[in-house]
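Colleague: Could you take a close look at the place where the two chains meet, and walk me through the helix packing there? I'd be glad to have your cut-offs along the way.

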There are 2 protein chains.
Amino acid sequence: MSQGVSLPLGFRAGGHACGIKADPHKLDLALFVSDTPCAAAGVFTQNLVVGAPVKVSRSRLPRQTARAVVINSGNSNACTGDRGIADAEWMTATVAAEIGATAEDVLVCSTGVIGRFLPKEKIAAGIPAVAKKLGTTPDHLEAAAKSIMTTDTVPKVVTRKLTSGGKTWTVTGVCKGAAMIAPNMATMLSVIMTDVAISSADAHSLVKHAVDRSFNCISVDGHTSTSDTVLLLANGQAGAIPAELKSQLQTTIDDVAMALAQLIIRDAEGAGHFVTIDVHGLLTREAAFRIAKTVADSALVKTAITGNDPNWGRFVSAAGYAGVPFREEDCSLSVNEIPLYREGAPVDFDANAVSQAMATGEVRIVLTFTLGKESVRFWTSDLTAEYVRLNADYTT
Amino acid sequence: MSQGVSLPLGFRAGGHACGIKADPHKLDLALFVSDTPCAAAGVFTQNLVVGAPVKVSRSRLPRQTARAVVINSGNSNACTGDRGIADAEWMTATVAAEIGATAEDVLVCSTGVIGRFLPKEKIAAGIPAVAKKLGTTPDHLEAAAKSIMTTDTVPKVVTRKLTSGGKTWTVTGVCKGAAMIAPNMATMLSVIMTDVAISSADAHSLVKHAVDRSFNCISVDGHTSTSDTVLLLANGQAGAIPAELKSQLQTTIDDVAMALAQLIIRDAEGAGHFVTIDVHGLLTREAAFRIAKTVADSALVKTAITGNDPNWGRFVSAAGYAGVPFREEDCSLSVNEIPLYREGAPVDFDANAVSQAMATGEVRIVLTFTLGKESVRFWTSDLTAEYVRLNADYTT
């Protein structure tokens, strides 16, 4: 994983096993610190039931003076009432004391089981320990990325560089997420760091745009989590970028977010197929999005994919209950570039050829309508017996 | 199954294996005939992509002169364009010729794989054969109920009787459904027959009310099918009912529909748990319904139930993304009468006791809000590796 990833200038990262997870050797506490104040913004879950860390971090953003993000895995500190909020605030104050900042300049995320109070003694010992392990190498970054994993099987880090006139700006994101993945927010936790100099208002607009095209376009199981958070921290250590590169900066951040979102789908719990759904030809992007998400969330679509089964009636019928008006004659479908359904009627096709194409593990579903010009691209995974096993056995 | 079930006066039923299914010995063609004209009404899928039989039957209802319902399993005749409609109309005309009726007085349903044309020769031979097998005994009724099964493991028939002043009226329903089960319509196919004398307008209002409290309150996988149909046929052979029994008639039909809907959930594909979800204390029934359905459709809720895991954060967080405004402090949760979450904060509970209660296979989730007086009751199943296996292997 460490190939080609690096921290932006002035950022340090670290990970530590403080014993929150059942296996005491598993990393569970991550810290990301900027040596200087950052412009920071965040996008959070739209669930009404949110974790205490979401409430605390959300209330502090956007801001110009953020210094650090602390993340524990193994316990989401969600549905824990006032005590949970006090615990999350205490985590930020403890980190602040360690790095010489104020508590309000520290952001906090937690991921893991819902409804249990944080083990404070373990975290109280863990924070000084992880602060001692901070560093700037890819190994430090990897340790931090591993510390935020729950059922993820691989750490997820993406770095992109933007260069111009001999200058280089770096954007690096980490994320976790393997279930409770659905749009608004689509996720999971992610921290994106950059050394670009921007305002917190710019940071907010950049991260919102990126999330709408990445984490909000993936779904594993349609379950919007209580803890979803994407944070962007920009410390400015590589300086401002020229005005003509502003849109390239957005594209770079979009690209990091999209690459991270796809890593989540590739590592979705129990998944055997990576599925890209393109919906074309709607009057609005929202309409295309609703159809894509409905197809992605159908258990029958997912299990057809699990079985490499070109049972296309499931795909078309899922579109039919998405709540977007269309006539069957407006709709055509292809799977891995092979047409299966055209303008409301079945097409003769070689079922074995489609099945073999699906068996590669990469499935591309294209639903084309004749109603307008708007499109959306969405990513999802299949639904396997292994997903069921993982989620039937997760707690207690 | 035949215990206690019977056909209402003047109805005959039959089933036949005409070779639509891969196994030529499996029943796949059902016929229900009234000797005299019936008041008839129906409720159909809300999917925009609907089977040809839905289009044909829907266009003929409500009516005062219905005589028969013909149903094949093994092929849904959906997504089959104009040819599919011609085939469905041909089925009704063929039945009409056999029983001495007009085609418009015959209703048609098909269930099975989507996107394949009907095997007309097999059905052409099958219709006279099933007509010869019509009869009035519970065995005839059972044969018809078996002929509409797809992945169902048991036939589903319910009879209720209403008696007053020495008179008896019978309401008997059959249904099928094991997946692609979600509200609007919640289902599946069902035919409910009665010998009560009512108008077709009454029939429409009775069936609509019953469906809203039964088939529209169940979900296996959240996938609204293309073929869902509930038909009510009333031939009047037991005469009119006294005005003071009208509401009892509604209750009787509701009860038949609810019992059939619960049979579908008990026979849901791969299911190991029967789950009842009660949502109380909302401002509107619609709000309660949205929360119940969102909890029921969550793969994480379902798999927690599969594992007998009182992982209640999944239940509460599913409510949180149902799109119904509430605060965490408004919400409490119990599972099998044991409180787990009260007014936004966790309750100490004996996880083993809850898990053992869930392991009985009967799970009762009660979500209580403090926002109003409206409630809803909803039924669902768990999500098992067996569901995945069944649906990854269903066609091709």
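Modeller: Happy to! Helices α8(A) and α11(B) are roughly perpendicular to each other, a label for angles of 65 to 115 degrees, with under 35 called roughly parallel, over 145 roughly antiparallel and the rest oblique. Before going on: this is a predicted model, where local features need pLDDT of at least 70 and side-chain atom pairs count only at pLDDT 80 or more, while totals for chains, interfaces and linings use all residues. Residues are numbered from 1 along each chain as its sequence is written, and chains are lettered from A, and ligands numbered from 1, in the order in which they are written.

Back to the pair: α8(A), residues 299-306, packs against α11(B) at about 70°, with the axes 8 Å apart. Axes are lines fitted to C-alpha atoms, for helices over the stretch in contact, and angles run from 0 to 180 degrees between N-to-C directions. Helices are DSSP runs (H or I, at least four residues), as are strands (E, at least two), numbered from the N terminus. The crossing is right-handed, meaning the near helix is turned clockwise from the far one by less than a right angle; anticlockwise would be left-handed. L300(A), T303(A) and T306(A) meet V388(B), N391(B) and A392(B), where contact means C-beta atoms, placed from the backbone, within 7 Å. These residues divide into three nonpolar, three polar and no charged (Ala, Val, Leu, Ile, Met, Phe, Trp, Tyr, Cys and Pro are nonpolar, Asp, Glu, Lys and Arg charged, the others, Gly among them, polar).

Now the whole interface: 56 residues of chain B are in contact with 56 residues of chain A. On the chain B side, the elements giving two or more residues are α8 (299-306), α9, β13 (345-346), α10 (351-358) and α11 (385-392). Of these, α9(B) gives the most, with six residues. By class, the chain B side has 27 nonpolar, 24 polar and five charged residues.

That top contributor, α9(B), also packs within its own chain: α7(B) (residues 285-297) and α9(B) (residues 313-320) have axes that come within 8 Å and cross at roughly 135°. That angle makes α7(B) oblique to α9(B), and their crossing is right-handed. I291(B), T294(B) and V295(B) of α7(B) make the contact with F315(B), A318(B) and A319(B) of α9(B). This contact has five nonpolar, one polar and no charged residues.

Terms used. Contact = placed C-beta atoms within 7 Å.
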